[in-house]
Every structure is written in C-alpha cells, then in structure tokens.
Amino acid sequence: MIFELLKQQRRRRLRARPFPKDWLTLIQRHIVFFHRLSASDRAELLGHIQVFLAEKRFEGCGGFAITDEVRVTIAAQACLLLLHRRKDYFPDLLTILVYPSPYMVEEKRQVGEHVWEQGTVGRLGETGRRMGSLVLSWGAVKHAAVDPADGKNVVLHEFAHQLDFENHAADGVPRLATREQQLAWSEVMRSEFASLRAADESGIPTLLDTYGATEPVEFFAVSVEAFFERPHALRGRHPKLYAELQKYFNQDPVEYSAE
Ligand SMILES: [Zn+2]
C-alpha cells in the first residue's frame, strides 16, 4: 500500500516535470497524430511519456543504437493508449528491445490440413504475457509514426497486447471495470471475431487485418490498430466494436484522425 502511494507520488512528480525541449522537437517532427490532438490531450500525453521513459528500459539489438529519437517515438505512440484512462503504464513490461529492421525468426506454420511449413520469416514486433519485454523493428515503428491512417501500427498492436495482459490473461479481453462491461465486451468481440473469420475464409475484403482472424488475442490487437488509425471506417462498418473500444479507451479518435 505504502509502495503504491510512493509510486503514484513519483509518477505525479514525473508528469509535472518540464518536458525536455529536444524531446518535444522530436515528437513534433516524427509523430503525425500529435498535431491533431487537443491542447489538453497533448499535455496529458507528454506527462505520460515522462513516466514511461523513466520506468521502461530500452535495449538495442542486432547492433542497433538506442537514441532519444527511438525512445520518444516509441513512447509517444504507446502512451496514446493511456490517455483519459486509469492507467498503470503497462505494468508487466520492463524492457523494450529494438531491432533496426525486421528480425528473422524460425517459424512453423500450418499451410494445409496436414501440411506444415518451416522457415525463416521476418517479424516487425512481438510480446508475450510472461516475457516482461516487447520487441519492435525500428523501421516499422518509424513508418507507423509518419503514416497514422494506413490501418497498421506495430507499436499500438504490441502495446495493445500488453493491455490485454493486465487482467492476467492473454485472451483478447483487457481489464474492464464492471461485470456488465465484461459481458458486453465478450458478446461484441465474439460476434465480430466470428464474422472476420468467416470473411477471411471466403476471401471477402475486410477493413480489419485478417491476421486478427487467427485468435481473439490478435483480434483485439488489430481492432486497436483500426480504432486509432481508421476510426471513421471502423465506426461506419463495425459500430458495436467501435463503441466498445471507445468506452474502454475513453476517447474518440474520429475527433483527431488523419483518415
Ligand atoms: Zn499480435
């Protein structure tokens, strides 16, 4: 309890600290959505970035050097998920590992009923519930920051997974305040997931990335990407899904979207 109080106090102090000028310059130069936020949202975001950067460790991989540009560009996008909410700054996450470009992993995947394919594939990012870390490819991070409306954002995607883990399960359901909210959430997600699966199987074009049809965990992450990157289209085509995400995030990206 006392530890929690001290943590909150420390975070309040961090948020109130003057924001470093050169960090602000980097944000203004690289984060396109920043210019579209209201003045109060911009101020709130900068406060969260201070806490985030004080609490998370960054490590360069594959010879990559971590600079302030890297730290700030990742933090600004991740902290968009925290605006207007009771937040705990991704409590399970300690370290962010950054590769210069897509990193190669060995992957086995099913391509037919009894056919598996093994090979090396390039990845843009990943995280896991018990990893304590989150991996990103810098090329994809930079792209996500300058193109806020293509529906893809690896930073939002991986940090959405971290929100999913806050209720101690990787199940596509983040921490929701009431039982009522949980029920509403499950109902909407179940039917939206089923229709994405059906569309994917029959080859119907979808707004949501069909990677979300693989499992509910990925469905949540790609929905978050669409919510922030294509809010007009998502609200028009999936109003119930949009409404659940709007309640959870307590914000309406339609108001500041570049879409
Ligand atoms: Zn994912």
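**View 1. The zinc ion and the residues that hold its donor atoms.** In this predicted model, the zinc ion is coordinated by His157 and His161, each through its NE2 atom, and by Glu218, which appears twice through OE atoms, with distances of 2.0 to 2.7 Å. The angles among the four donor atoms run from 53 to 144°, and the site is classed as irregular. Four donors count as tetrahedral only if all angles lie between 85 and 135 degrees, so a site whose angles span 53 to 144° does not meet that description. Along the chain, the donor residues follow the spacing H-x3-H-x56-E.

**View 2. The two histidines of the zinc site on their helix.** Both His157 and His161 belong to helix H6, which covers residues 154–165, and they are four residues apart, or about one turn of the helix. Are these two histidines buried or exposed? His157 has a relative accessibility of 7%, and because buried means under 20%, this histidine counts as buried. His161, at 4% relative accessibility, counts as buried for the same reason.

**View 3. The largest nonpolar core, seen around Phe159.** The largest nonpolar core holds 71 residues, and the members that touch the most others are Ile49, Phe52 and Phe159. If residues up to four places away in sequence are not counted, Phe159 touches Phe52, Ile74, Ala78, Leu81, Phe90, Leu93, Ile96 and Leu134. Apart from this core lies another one, made of five residues, among them Cys61, Leu97, Tyr103 and Val135.

**View 4. Strand E2 between its pairing partners E1 and E6.** Strand E2, formed by residues 95–99, is mostly covered, since four of its five residues are buried. Strand E1, residues 57–60, pairs with E2 in the parallel sense over four bridges, and within this pairing Phe58 has Ile96 of E2 as its bridge partner. E2 also pairs in the parallel sense with strand E6, residues 133–137, here over five bridges, and Val98 stands opposite Leu136 in E6. Taken together, E1, helix H4 (residues 68–79) and E2 make a β-α-β unit that is left-handed.

**View 5. The antiparallel pair E3 and E4.** Strand E3 (residues 103–110) and strand E4 (residues 116–123) pair in the antiparallel sense, and eight bridges connect them. Met104 stands opposite Gly122 in E4. The two strands are joined by a hairpin, in which five residues lead from E3 to E4.

**View 6. Ile31 and its contacts with residues elsewhere in the chain.** Ile31 lies in the loop between helix H2 (21–30) and helix H3 (39–55). How accessible is this loop residue? Its relative accessibility is 1%, so Ile31 counts as buried. Leaving aside neighbours within four places in sequence, Ile31 is in contact with Leu26, Thr73, Ala76, Gln77 and Ala145. One of these, Ala76, is 45 residues from Ile31 in sequence, while the C-alpha atoms of the two residues are 7.5 Å apart in space.

**View 7. Arg71 on helix H4.** Arg71 lies in helix H4, and, with its neighbours within four places in sequence left aside, this arginine is in contact with Trp23, Leu53, Phe58 and Ile66. Arg71 and Trp23 are 48 residues apart along the chain, and their C-alpha atoms are separated by 9.4 Å.

**View 8. Two residues with a positive phi, Phe90 and Asn250.** Most residues other than glycine have a negative phi. Phe90, although it is not a glycine, has a positive phi of about 50°, and Phe90 is found in the loop between H4 and E2. With a relative accessible area of 0%, Phe90 is buried. Asn250 also has a positive phi, near 55°, and its place is in the segment after helix H10 (239–249). Asn250 is described as partly exposed because its relative accessible area is 46%, a value that lies between the limits of 20% and 50%.

**View 9. Glu201 on helix H7.** Glu201 lies in helix H7, which spans residues 179–202. Its relative accessibility is 68%, and since exposed means over 50%, Glu201 counts as exposed. From Glu201 to Ala213 there are 12 residues in sequence and, from C-alpha to C-alpha, 9.3 Å in space.

Key. Residues numbered from 1 in each chain as written. Predicted model: local features only at pLDDT ≥ 70, side-chain atom pairs only at ≥ 80, totals over all residues. Heavy atoms only, no water. Donors = N, O, S within 2.8 Å, 3.2 Å for Na, K, Ca; no water. Tetrahedral: all angles 85-135°; square planar, octahedral: opposite > 155°, others 65-115°. Buried < 20%, exposed > 50% of the residue type's maximum accessible area, 1.4 Å probe, protein only. Core = buried A, V, L, I, M, F, W, Y, C linked by side-chain atoms within 4.5 Å. Contact = heavy atoms within 4.5 Å. Pairing = 2+ DSSP bridges. Right-handed = clockwise from strand over helix to strand, strands pointing away.
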